[in-house]
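Trainee: I would like to go through this model step by step. Where should we start?

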Amino acid sequence: MSSTQQYLLDAYRARRLGEPAPPAPGTHESRVVREWREHRRFRAVLAGRRLRGGPRLLPRRRRSREPGALG
């Protein structure tokens, strides 16, 4: 059974029982990845390893693809 089929079955059961529907598959993936990355950085600091990368304070400037445009 795929995750989508399981979700649909759980949503159907919840609706029949009058309970709130479960979150759709993939709803919190970006949050989980962000928290996992923060945890790895935290463990690196505790272990005394040097941090690589990190959050950017300013977004990168994009170059225009149009010829003759500035930027």
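Mentor: Start with a term: a salt bridge is a side-chain nitrogen of Lys or Arg within 4 Å of a carboxyl oxygen of Asp or Glu. This is a predicted model, where local features need pLDDT of at least 70, side-chain atom pairs count only at pLDDT 80 or more, and totals for chains, interfaces and linings use all residues. Residues are numbered from 1 along each chain as its sequence is written, and side-chain values use heavy atoms, with hydrogens and water left out.

Trainee: Which side chains meet in a salt bridge?

Mentor: The structure holds 1 salt bridge. Its N to O distance is 3.1 Å. Both partners lie in helix H2 (residues 29–47), 4 residues apart, about one turn of the helix. Helices here are DSSP runs of H or I with at least four residues, numbered from the N terminus. The pair is Arg-31 and Glu-35.

Trainee: Is Glu-35 buried, partly exposed or exposed?

Mentor: Buried means under 20% relative accessible area, exposed over 50%, and partly exposed in between (1.4 Å probe, protein chains only). Glu-35 has 43%, so the class is partly exposed.

Trainee: What span should helix H1 have at 1.5 Å a residue?

Mentor: The expected span is 1.5 Å times one less than the number of residues. H1 covers residues 3–17, which makes 15 residues. Its end C-alpha atoms agree with the expected value, 21 Å.

Trainee: Which residue takes a positive phi just after H2?

Mentor: H2 has 19 residues and reaches 27 Å from first C-alpha to last, close to the 27 Å expected. Just after H2, phi is about 80° at one residue. That residue is Gly-48.

Trainee: Which residues does Ala-14 touch, not counting those up to four places away in sequence?

Mentor: Ala-14 lies in helix H1. Its relative accessible area is 5%, so Ala-14 is buried. Contact means heavy atoms within 4.5 Å. The residues touched are Glu-19, Pro-20, Ala-21 and Pro-22.

Conventions: Helix = DSSP H or I, 4+ residues; strand = E, 2+ residues; numbered from the N terminus.
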